[in-house]
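Please open the structure in your viewer and keep the selection panel at hand. The tour goes from empty space to packed interior, one selection at a time.

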Amino acid sequence: MPEPSVPWWKRTTVYQIYPRSFYDSNGDGIGDLQGIIEKLDYVKELGFETIWFSPFTMSPQADFGYDISDYLSIAPEYGTMEECERLIEEVHARDMRIVLDMVLNHTSDQHPWFQESRSSRDNPRRDWYIWRDGRGPRTPPNNWKAMIGGSGWHKDDATEQWYWATFLPFQPDLNYRNPDVKEAMFGIVRHWLKQGVDGFRLDIFNAIYKDASFQNNPFSRRPLPSEENPDGFFQKNENTINHPDTFAFAKELRQVVDEFDDPERFVVGEVFGSTEDVRRYCGDQDGLHMVFLFKSLQTPCTAKGYSALIQDYERHFPEPAIPTLVFGNHDRPRRSKTEAQARLQATFQLTARGVPFVYYGEEIGMQHRPIPLAQAKDPIATQYRWVPQWVANWITRKGILLNRDECRTPMQWDSSQNAGFSVETPWLPVHEDFPNRNVQQQEKGNSLLNCYKALLKLLKEHPVLQYGAMEWKPINKEHPKVLHFVRTSADRMQSIDVMLNFGKHAVPLAHASKTRILFSTLAPEQGTVDAPKQLAPFEGIVLYVSH
Ligand code: GLC
Ligand code: CA
């Protein structure tokens, strides 16, 4: 029955922690490493195997850690190197895995490398970043736009040249065409792998290489990028994103990661584009192990929506490739859903073929918390403060979050002050609904939290849900609101059916006598039920069918 040839990372389940917002152990209003260590048992009992941490290395925190000024030390508000080592140990002691966020594309402008680079045109590190002459004193080198809009070129008065930044102005891009940069960054990757981390999430990986010609990007009609198409702000990012050299670089990085094979490690890329385009980062099993697939964030929570999603993913990521299943992260709006939809989504995410990445708080149904742009801490929001609030809200509803504070509010542990996150005023406000939506309250009974727990337990008891092949059934015309798929072992001796009813009508179940319900979204604590007769409105079930 066990299929040991399936590497652990293809079967794993990932929980994302945004350290600043998880748990504050020392009462300064900011989550920290010690706080995470104290809550590791929570994640373990929930049932996830792997934890991905947003960055906690040294940083001026202008982009809350995604602007790194030293890759090998820990930002003091999060803790010390000793605590970091203890975190790695404590995760492993619980038989869990740890994944760090690796920001390869850019550093902080406070990084000593950039400080040196900008100091003079002939500094030995000048070429570690991307410097060009402008087309005039106030005209940037070309028309390239940053991922967040506006020119990505910034003039540095000291040397009268412009540097390139794919994201925010204080995040200058490293120049990977310089072999020393590549070696330095591979050195950092090796360093953390030696420290025992099990993998990396790769921040804006698809921006690493820019075209060496520095030719203008062509015009596009698209005002805003979308999940499926990163072009936007009226240009195609032909020369700036998904460059052929970045696909090649994915393979080089894979070789570095493969130097560490006991245990095997993995990398997952944050990349944007159509499923077909981003698939190329995985090469022929010799590139990135996985890439994030963000199409799901825009997919309606319906049988039709999820059915189309699986078909797309199965077409582009057939065995031995593996898709990822993502419904949120620290950059995206927490999508509002009914309680029933949240349960159906969880069942889908944890039982369909793919590695699930669950963002902290999703397991208790944490909600998006609107925060006016004027009060925002997120640097994207502060850059767009002039945007009328209603426009920002409209854009957010389209899935692009201008004020990412709104999805980063503190974890809701209990109904005490500040949701039990901190004894002090938290760095971001807690969602007002915390007295009625928190971990403590959901620990008992028929809660969403217990739904996640029951599903994660099921995955361990029935490994076919982790590595079985995926067969989806065409949507039945009589019951168009029901999604049905089957996970089957290679020898076809075992199979488990998943049926999700997104509609308000009950649906009779055929062959009821030979089936056993292993899980129902309506009664996650109940355990098994023999021979169910029907699927209730908005119910999702995991079914064992004996052959
Ligand atoms: C990624 C991160 C985001 C960060 C940006 C720049 O998109 O997820 O939070 O601001 O890269 O590093
Ligand atoms: Ca703290």
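## Cavities, then core

In this predicted model, the lining of the largest cavity consists, by class, of 10 nonpolar, two polar and one charged residues. To find that cavity, select P55, T57, L100, D101 and W192, which among its 13 lining residues lie nearest the centre; the space there comes to about 110 Å³. Next, colour β5 (97–102) and α6 (179–194), the elements that give two or more residues to this lining, with β5 supplying the largest share, three residues.

The structure holds seven cavities of 30 Å³ or more, and the second largest, of about 70 Å³, can be reached by selecting its lining, which includes E227, E228, F272, F292 and K295. By class, that lining has six nonpolar, three polar and three charged residues.

Now turn to the largest nonpolar core, which has 120 residues, and show L104, F205 and F348, the members that touch the most others; helix α14 (residues 448–461) contributes the largest share of this core, nine residues. Centre on F348 and, leaving aside its neighbours within four places in sequence, display its contacts: Y306, L309, I310, L325, F327, L483, F485 and L500. A second, separate core of 35 residues includes V326, V355, A376 and I395.

Finally, select helix α9 (residues 303–316), which spans 20 Å from its first C-alpha to its last. Of its 14 residues, 10 are buried, so α9 is largely enclosed by the rest of the structure; Y306, L309 and I310 are among the buried ones. Adding α8 (275–279), β12 (324–326), α10 (339–351), β14 (469–472) and β15 (482–488) to the view brings in elements that cover the buried residues of α9.

How values were computed. Residues are numbered from 1 along each chain as its sequence is written. Chains are lettered from A and ligands numbered from 1 in the order in which they are written. This is a predicted model: local features need pLDDT of at least 70, side-chain atom pairs count only at pLDDT 80 or more; totals for chains, interfaces and linings use all residues. Side-chain values use heavy atoms; hydrogens and water are left out. A nonpolar core is a set of buried Ala, Val, Leu, Ile, Met, Phe, Trp, Tyr and Cys residues joined through side-chain atoms within 4.5 Å. Buried means under 20% relative accessible area, exposed over 50%, partly exposed in between (1.4 Å probe, protein chains only). Helices (H or I, at least four residues) and strands (E, at least two) are DSSP runs, numbered from the N terminus. Contact means heavy atoms within 4.5 Å. The expected span of a helix is 1.5 Å times one less than its number of residues. On a 1 Å grid over the protein atoms alone, a cavity is a set of points where a 1.4 Å probe fits but cannot get out, and a pocket is an open set with protein on both sides within 12 Å along at least five of seven lines; lining residues have an atom within 4 Å of a point. Grid points are joined across faces, edges and corners, and a volume is the space filled by probe spheres set on the points. Ala, Val, Leu, Ile, Met, Phe, Trp, Tyr, Cys and Pro count as nonpolar, Asp, Glu, Lys and Arg as charged, and the others, Gly among them, as polar.
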